[in-house]
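The following explanation leads through a protein chain from its overall layout to its interior. The sequence and the structure are best kept in view throughout.

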Amino acid sequence: MKIKGNFVLREVGGRTVAVSLGGAARGVGGVILNGSGRTIFELLQKGAEREEIYDALTEKYDVPRDVAVRDADAFIQKLIETGAIEN
């Protein structure tokens, strides 16, 4: 999985937002990211697979693996729905 090139991170009002640039932005708002959301987004920009993301969240945020899996999968699904991920 990988974030499409037209989606970027921006700081807006002290918050991190993933936004679509160019023609793809029509009808797509930004996605506000918390710390773990930003971590997932940045890993996906590098083409990370789900297992790598789960490992990173478990290590960085010291959460149980089942929590990392649940939260990462929910956020990835949101990114898929917004069209931010290329297959």
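The paragraphs below take up the chain as a whole, then its sheet, its helix packing and its core.

The model discussed here is predicted. Its protein chain holds three helices and five strands, and from the N terminus these elements follow the order β-β-β-β-α-α-α-β. Of the 87 residues in the chain, 30% are buried. Among contacts with a separation of 6 or more, 47% join residues 24 or more positions apart.

Strands are the natural place to begin. An open sheet of three strands is arranged in the order E2-E3-E4, and its pairing is antiparallel. Because E2 and E4 stand at the edges and each has a single partner strand, one side of each lacks a neighbour in the sheet. From one strand to the next, the twist averages 35 degrees. Within this sheet, E2 and strand E3 (residues 15-20) run antiparallel and are joined by six bridges. Two pairs of facing residues help to fix the register: Leu 9 stands opposite Ala 18 in E3, and Glu 11 stands opposite Thr 16 in E3. The two strands form a hairpin with two residues between them, and in its turn Gly 13 has a positive phi of about 55 degrees.

The helices come next. H1 lies across E2, E3 and E4, and its direction is at about 150 degrees to E2. H1 also packs against H3, at an angle of about 65 degrees and with the axes 11 Å apart; the crossing is right-handed. On the H1 side, the contact is made by Gly 37, Ile 40, Phe 41 and Leu 44, while H3 contributes Ala 72, Phe 75, Ile 76 and Leu 79. By class, this contact comprises seven nonpolar residues, one polar residue and no charged residues.

In soluble globular proteins, nonpolar side chains tend to be buried together. Which residues touch the most other members of the largest nonpolar core? Of its 20 residues, they are Ile 3, Leu 33, Ile 40, Phe 41, Leu 44, Ile 53 and Leu 79. Two or more residues each are supplied by strand E2 (7-12), strand E4 (31-33), helix H1 (35-45), helix H2 (50-61) and helix H3 (65-81). H3 provides the largest share, five residues. Ile 53 illustrates how this core is connected: leaving aside neighbours within four places in sequence, Ile 53 is in contact with Ile 40, Leu 43, Leu 44, Ala 48, Ala 72 and Ile 76. Of these partners, Ile 40, Leu 44, Ala 72 and Ile 76 also take part in the contact of H1 with H3.

Note on methods:
Residues are numbered from 1 along each chain as its sequence is written. This is a predicted model: local features need pLDDT of at least 70, side-chain atom pairs count only at pLDDT 80 or more; totals for chains, interfaces and linings use all residues. Side-chain values use heavy atoms; hydrogens and water are left out. A nonpolar core is a set of buried Ala, Val, Leu, Ile, Met, Phe, Trp, Tyr and Cys residues joined through side-chain atoms within 4.5 Å. Buried means under 20% relative accessible area, exposed over 50%, partly exposed in between (1.4 Å probe, protein chains only). Helices (H or I, at least four residues) and strands (E, at least two) are DSSP runs, numbered from the N terminus. Contact means heavy atoms within 4.5 Å. Axes are lines fitted to C-alpha atoms, for helices over the stretch in contact, and angles run from 0 to 180 degrees between N-to-C directions. A crossing is left-handed if the near helix is turned anticlockwise from the far one by less than a right angle, and right-handed if clockwise. Ala, Val, Leu, Ile, Met, Phe, Trp, Tyr, Cys and Pro count as nonpolar, Asp, Glu, Lys and Arg as charged, and the others, Gly among them, as polar. Two strands pair if DSSP finds at least two bridges between them.
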